[in-house]
Amino acid sequence: MKFLPLLLANLRRKKLRTLLTVGSFIVALFLFGFLAIIHGAFSGGVDLVGIDRLMVINKVSIIQPLPLSYKDQIQRIPGVKYVTYQSWFGGIYQDPKNFFPSFAIDVDNQRQVYPEQVVSDDQWNAFVADREGAIVGSKTAKRFHWKIGDRVPLTAPIYGVGAWEFNIRGIYDSPRDGVDLSQFWLHYKYLDERRQIEKGNIGWYTVKLDSPDDSVRVEKTIDNMFANSPYETKSETLQAAAAGWVKQAGNIEFLILAIGGVVFFTLLLVTGNTMAIAVRERIGELAVLKAVGYSDRFVLFFVLAESLFISMVGGALGLALAKLLTLAGDPTGGLLQSFVLPGSAIVLGLFAAFAVGILAGILPATSAMRLRVVDALRRV
């Protein structure tokens, strides 16, 4: 720390050059953070769901239904702890632009299968007791300024039975980042009573297992059980299903790696060139430091410190801007399941900035360390 004034004085020598180099790190790390946010939004919680839950859908397509009668048969399979089911509702609030995922759910086992979506017992009991009740995620409730007790009208074009009105009986949240807080839940029985099509059918089942080790066996058992029936099934872990949906949107992870690699390689060249010029401009000063007794190792670390200072300050500011972007809320108005910058991405970004700072500064620093005092002073 006692050499910090000297370090800052060197950085202020060419203020514009220093600011531009720091700015390049800010832009690069902001871009990295933004791509990490988008990756998390498209992944839809792939890393959050475990392999102890299975998703059972119609073998033809997820938009094809399954009979409600399958529930009891699946529940009797050894290794199955809970079975719940959902159906897509497709409700719209006031305007078609006001999209949010809405599902008709099984009130008996929803909370047991999805414990990460937390709603208080009092609110849940009020929802169960009200056939027209609804539970809404905190994100959607905040978006439309809904509160418990509000009566909300929705339209469901896929059912075409006029307006639907629901009483908001609860708001769910989660202590974990990345959990979808935009969903709207209604009673499956209420949906089945009013709709004119697909009565007695559901959209898909979610199966909670006693142990993740049972997943392969239970998947095969379910699919074999309903093979050659009018409603054959396709079972896979919730993690595998979510990963498959992400791939349909393209290889987001590859894009992040490719763009990030190009950006950081460019940063390496820019910062390396900056440090090389800075060392050439101060050859005489570095020679004087050696002449008055400072070691070669001190000169090495002193030049590296300048490179690291630029990279870490710029990197931290870029990631801070990306974090501020998430605090402002989802810019799509709820179309993205999550809009957060995970802590792992922040750590990875800072490590990348540190690595670029080291790599960019190591050659100029080594050159300064090997500088002979006589040769350097001859140029002065």
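Helices and strands are here DSSP runs, a helix having at least four residues and a strand at least two, numbered from the N terminus. In this predicted model, begin with the whole protein chain in a cartoon representation: its secondary structure amounts to 14 helices and eleven strands.

Next, switch to a surface representation. The protein chain exposes about 19,200 Å², and 62% of that area is supplied by carbon and sulfur atoms. Of the 380 residues, 47% count as buried. If a contact map is at hand, consider the contacts with a separation of 6 or more: residues 24 or more positions apart account for 79% of them in the protein chain.

Now hide the surface and select Phe 89, Trp 146, Phe 166, Phe 184, Tyr 205, Val 207 and Ile 222. These residues have the most contacts inside the largest nonpolar core, which has 37 residues. Then select Phe 25, Ile 283, Val 303 and Ile 310, which are among the 28 residues of a second, separate core.

For a closer view, select residues 296–327, which form helix H12, and locate Leu 308 within this helix. Is Leu 308 buried or exposed? Leu 308 counts as buried because its relative accessibility is 18%, and the cut-off for burial is under 20%.

Which residues does Leu 308 touch, leaving aside those up to four places away in sequence? Display Phe 354, Gly 357 and Ile 358: Leu 308 touches these residues. To finish, draw a distance between the C-alpha atoms of Leu 308 and Ile 358; they lie 6.5 Å apart in space, although the two residues are 50 residues apart in sequence.

Terms used
Residues numbered from 1 in each chain as written. Predicted model: local features only at pLDDT ≥ 70, side-chain atom pairs only at ≥ 80, totals over all residues. Heavy atoms only, no water. Buried < 20%, exposed > 50% of the residue type's maximum accessible area, 1.4 Å probe, protein only. Contact = heavy atoms within 4.5 Å. Areas by Shrake-Rupley, 256 points an atom, 1.4 Å probe, with all protein chains shown as cover. Core = buried A, V, L, I, M, F, W, Y, C linked by side-chain atoms within 4.5 Å.
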